[in-house]
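The following exercises concern a predicted model. Each task is followed by a solution that proceeds step by step.

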Amino acid sequence: MALKNRDNDWRSDLERVDGTRPMLKEQSLWAIKVYRYGRSVDRRNGGFRKWYGTKLYWMLFRFFETLFGISLPKEASVGPGLRIWHFGGIFINPGVVLGSGCTLRQGVTIGNRVEGGGVPHIGDNVEIGAYAQILGDIRIGNNCNIGASAVVLCDVPDGKTAVGNPAKII
């Protein structure tokens with residue numbers, strides 16, 4: 001049953017993309033697929049399959065990170081239904097928690113403010129605008145909007161919108 005749920009995560013990612021043959025139209029799906037593959041490798045028992053899968057994951061991760069400019073490491077926790085619009089320049093810290101149904105646009109950075117510092121926890125159904133930066137040990141609630149080029153350094157309650165540099169809640 002747990003395997004079925006993990007397959008549902010990928011299906012949810014695909015459902016957020018319109019049309020037929022989404023893998024041929026959306027480069028971001030390749031990065032998301034590599035992320036989902038890496039998570040599945042981590043769940044395997046030890047042995048050759050896990051060792052080989054880990055090596056393959058890292059090769060694919062680096063290839064697609066370089067090709068598409070999307071750094072989505074398997075150590076991050078990403079819910080189902082991730083949508084990345086306008087790929088490129090997207091960097092997610094390995095400790096980030098990103099809820100289900102979230103949307104990222106180009107140039108988004110989600111990470112820590114200082115090396116080894118805390119990282120954001122982002123709720124479900126959050127829309128993050130182009131070039132937004134979400135930094136530090138903060139919480140973004142469910143159903144929030146983060147404006148384009150916003151620099152978010154504080155918590156954002158459920159259902160709110162944050163815009164500006166530094167971001168203010170409106």
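**Exercise 1. Cysteines**

Determine how many disulfides the structure holds, and account for the state of C144 and C154.

*Solution.*
- Step 1. A search of the whole structure returns zero disulfides.
- Step 2. For C144, the nearest cysteine sulfur belongs to C102 and is 9.7 Å away, and C144 is in no disulfide. The cut-off for a disulfide is a pair of cysteine sulfur atoms within 2.5 Å.
- Step 3. For C154, the closest cysteine sulfur is that of C144, at 11 Å, which is too far for a bond.
- Step 4. The surroundings of these two residues can then be stated. C144 is buried, with a relative accessible area of 0%, whereas C154 is partly exposed at 35% relative accessibility.

**Exercise 2. Aromatic pairs**

State how many aromatic pairs the structure contains, then classify the pair of W30 and F64 and the pair of F48 and Y52.

*Solution.*
- Step 1. The search of the whole structure yields eight aromatic pairs.
- Step 2. In the pair of W30 and F64, the ring centres are 5.7 Å apart and the planes stand at 20 degrees, so the pair is stacked. The limit applied here is that planes under 30 degrees apart count as stacked.
- Step 3. This pair links distant parts of the chain: W30 belongs to helix α3 (residues 27–43) and F64 to helix α4 (residues 48–68), with the two residues 34 residues apart.
- Step 4. The partners are then assigned by accessibility. W30 has a relative accessible area of 34% and is partly exposed; F64, at 11%, counts as buried.
- Step 5. For F48 and Y52, the ring centres lie 5.9 Å apart and the planes are at 20 degrees, so this pair is stacked. Both residues lie in helix α4, four residues apart, about one turn of the helix.
- Step 6. F48 counts as exposed at 59% relative accessibility, and Y52 as partly exposed at 45%.

**Exercise 3. A ring cluster and a charge over a ring**

Identify which residues ring pairs link into a cluster with W30, and which residue lies over the face of W85.

*Solution.*
- Step 1. Ring pairs join W30, F63, F64 and F68 into a cluster.
- Step 2. The residue over the face of W85 is R83, at 3.8 Å from the ring centre.

**Exercise 4. The cavity**

Describe the volume and the lining of the largest cavity.

*Solution.*
- Step 1. The structure holds one cavity of 30 Å³ or more, and the volume of the largest cavity is about 50 Å³.
- Step 2. Its lining consists of A31, V34, F61, F64, E65, I70, S71 and L72.
- Step 3. At least two lining residues come from each of α3, α4 and β1 (70–71). The largest share, three residues, is supplied by α4.
- Step 4. The lining can be related to Exercise 2. F64 is one of the lining residues, and F64 is also the stacking partner of W30.

**Exercise 5. The four-stranded sheet**

Give the strand order of the open sheet of four strands, and locate its edges.

*Solution.*
- Step 1. The order is β2-β5-β8-β11, and the pairing is parallel.
- Step 2. The edge strands are β2 (77–78) and β11 (139–140), each of which pairs on one side only.
- Step 3. Within the sheet, β5 (residues 97–98) and β8 (residues 121–122) pair in the parallel sense over two bridges. L98 stands opposite I122 in β8.

**Exercise 6. The six-stranded sheet**

Establish the strand order of the open sheet of six strands, and explain why its pairing is called mixed.

*Solution.*
- Step 1. The order is β3-β6-β9-β12-β14-β15. At the edges stand β3 (83–84) and β15, each with a single partner strand, so one side of each has no neighbour in the sheet.
- Step 2. Parallel pairing is found between β9 (residues 127–128) and β12, over two bridges; here the bridge partner of E127 is N145 in β12.
- Step 3. Strands β12 (residues 145–146) and β14 (residues 161–164) also run parallel and are joined by two bridges, with I146 opposite A162 in β14.
- Step 4. Antiparallel pairing is found between β14 and β15 (residues 167–169), over three bridges. G164 has A167 in β15 as its bridge partner, and the two strands form a hairpin with two residues between them.
- Step 5. The sheet thus holds parallel pairing, as for β9 and β12, and antiparallel pairing, as for β14 and β15; its pairing is mixed.

Key: Residues numbered from 1 in each chain as written. Predicted model: local features only at pLDDT ≥ 70, side-chain atom pairs only at ≥ 80, totals over all residues. Heavy atoms only, no water. Phe/Tyr/Trp six-rings, centres within 6.5 Å; stacked < 30°, edge-to-face > 60°. Buried < 20%, exposed > 50% of the residue type's maximum accessible area, 1.4 Å probe, protein only. Lys NZ or Arg CZ within 6 Å of the ring centre and 35° of its normal. Pairing = 2+ DSSP bridges. 1 Å grid on protein atoms, 1.4 Å probe; cavity = no way out; pocket = protein on both sides within 12 Å on 5 of 7 lines; lining within 4 Å. Points joined across faces, edges and corners; volume = space filled by probe spheres on them.
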